[in-house]
Amino acid sequence: MKDKIKAYKAKLEQSIAEYMAMPASERSASAVRGMAECWEVLERMEHCICHEGRFTKADAENWNAHMVNDDGT
């Protein structure tokens, strides 16, 4: 799983760089935001899964407590 997460983060980084090379627009900004948010989730997930060895109930509660919806809630 650790390798798959790292590989996907690398794909996201490449795609973010490609979108950032485009002219700024609502579409490209939205795409960058979505990919950046996904990268952040994978970063936290990688830390929980790869360093702890297992995803515990406490990990899930901590992850849930730091989630942010699109509307900022």
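Ser 30 lies in helix H2, which runs over residues 26-52. The model is predicted. This briefing covers Ser 30, then helix H1, then Lys 2.

**Ser 30 in helix H2**
- Ser 30 has a relative accessible area of 48%, so it counts as partly exposed; a residue is called exposed only over 50%.
- Tyr 19 is 11 residues away from Ser 30 along the chain, and the C-alpha atoms of the two are separated by 9.9 Å.

**Length of helix H1**
- Helix H1 covers residues 2-20, which makes 19 residues.
- At 1.5 Å a residue, helix H1 should span 27 Å, and its end C-alpha atoms are 27 Å apart, so the two values agree.

**The two sides of helix H1**
- Which residues of H1 are buried? They are Ile 5, Lys 9, Leu 12 and Ile 16.
- These buried residues cover an arc of only 60° around the axis, and therefore they are on the same side of H1.
- Asp 3, Lys 4 and Lys 11 are exposed, and they are on the other side of H1.
- Lysine appears in both groups: Lys 9 is among the buried residues of H1, whereas Lys 4 and Lys 11 are exposed.

**Lys 2 in helix H1**
- Lys 2 also belongs to helix H1.
- The relative accessible area of Lys 2 is 39%, so this residue is partly exposed; the partly exposed class lies between the 20% and 50% cut-offs.
- Lys 2 and His 47 are 45 residues apart along the chain, while their C-alpha atoms are separated by 9.3 Å.

Notes: Residues are numbered from 1 along each chain as its sequence is written. This is a predicted model: local features need pLDDT of at least 70, side-chain atom pairs count only at pLDDT 80 or more; totals for chains, interfaces and linings use all residues. Side-chain values use heavy atoms; hydrogens and water are left out. Helices (H or I, at least four residues) and strands (E, at least two) are DSSP runs, numbered from the N terminus. Buried means under 20% relative accessible area, exposed over 50%, partly exposed in between (1.4 Å probe, protein chains only). The expected span of a helix is 1.5 Å times one less than its number of residues. The arc is that of the directions from the helix axis to the C-beta atoms.
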